[in-house]
Amino acid sequence: MQVCVVKNTEPKNVSIPLTMAAGGTAGLALRYFLPVYQPERDTVMFNQSEEIKRDNFVSAKQAFIEKIKNQFKKDSKNQSLQLFLERMEAKTSQEAKIAKEKIKNAPAEIKASIDYLKAQMAASIKASRHLTDANIKNAVKQARSVWGYLLPGIALGALAGYFYNVVGTIRED
């Protein structure tokens, strides 16, 4: 008696509309995950991104100084706040030198307090800078064309599905 192997003749094809949907999804995902470059920023933000960063830097610094001024109004005998404000509000280089000398000649605990205030201000400015940069990047990513990423993704998905079906059929023969 002869034994015949039962062969599955149904090809293992993939659905082209399904691969198109997967390609479109990948295209839209690329829209958000591709990095933002400076020419793209300049195009979307009309060459204003550096000015926006600088304005946010200045406003963060001024907001911190205003907070220190409010603390100084409540506690006008605090010498570290007074010296810090003198240093930050110096208009000329001579005033800045005088304020630096006062800080240099101050007791150790006042110097430590001023260093702590400087570190807080630096952290506030750094956080502002990072948030501004992230907001600019997100704005640029939102401005990217949906169709510019969706349609090529759909086309590549359809091409991949068709190629897989053709190669799968050829391989079985």
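Leu-151 lies in helix α7. The model is predicted. At 47% relative accessibility, Leu-151 is classed as partly exposed, because this value falls between the 20% limit for buried and the 50% limit for exposed residues. Leu-151 belongs to a nonpolar patch on the surface, together with Leu-28, Val-146 and Trp-147. The accessible area of these residues together is about 370 Å². Helix α7 spans residues 146–172. This helix contributes the largest share of the patch, 3 residues.

Nonpolar residues also form a core. In soluble globular proteins, nonpolar side chains tend to be buried together. Here, the largest nonpolar core has 15 residues. Ile-68, Leu-83, Phe-84 and Ile-114 have the most contacts inside it. At least two residues of this core come from each of α3 (49–74), α4 (79–88) and α6 (108–143). The top contributor is α6, with 5 residues. Contacts of Ile-114 were examined with residues up to four places away in sequence left out. On that basis, Ile-114 touches Ser-80, Leu-83, Phe-84 and Ile-103. Two of these partners, Leu-83 and Phe-84, are themselves listed with Ile-114 among the core residues that have the most contacts.

Asn-13 is found in the segment that precedes α1 (16–33). Its relative accessibility is 46%. Asn-13 therefore counts as partly exposed, as the value is neither under 20% nor over 50%. Along the chain, Asn-13 and Ala-112 are 99 residues apart. In space, their C-alpha atoms are separated by 72 Å.

Conventions. Residues are numbered from 1 along each chain as its sequence is written. This is a predicted model: local features need pLDDT of at least 70, side-chain atom pairs count only at pLDDT 80 or more; totals for chains, interfaces and linings use all residues. Side-chain values use heavy atoms; hydrogens and water are left out. Patches are made of residues with over 30% relative accessible area and no salt bridge: like charges are joined within 9 Å, nonpolar side chains (Val, Leu, Ile, Met, Phe, Trp, Tyr) within 5 Å. Accessible areas come from the Shrake-Rupley method with a 1.4 Å probe; for residues, only the protein chains shown count as cover. A salt bridge is a side-chain nitrogen of Lys or Arg within 4 Å of a carboxyl oxygen of Asp or Glu. Helices (H or I, at least four residues) and strands (E, at least two) are DSSP runs, numbered from the N terminus. Buried means under 20% relative accessible area, exposed over 50%, partly exposed in between (1.4 Å probe, protein chains only). A nonpolar core is a set of buried Ala, Val, Leu, Ile, Met, Phe, Trp, Tyr and Cys residues joined through side-chain atoms within 4.5 Å. Contact means heavy atoms within 4.5 Å.
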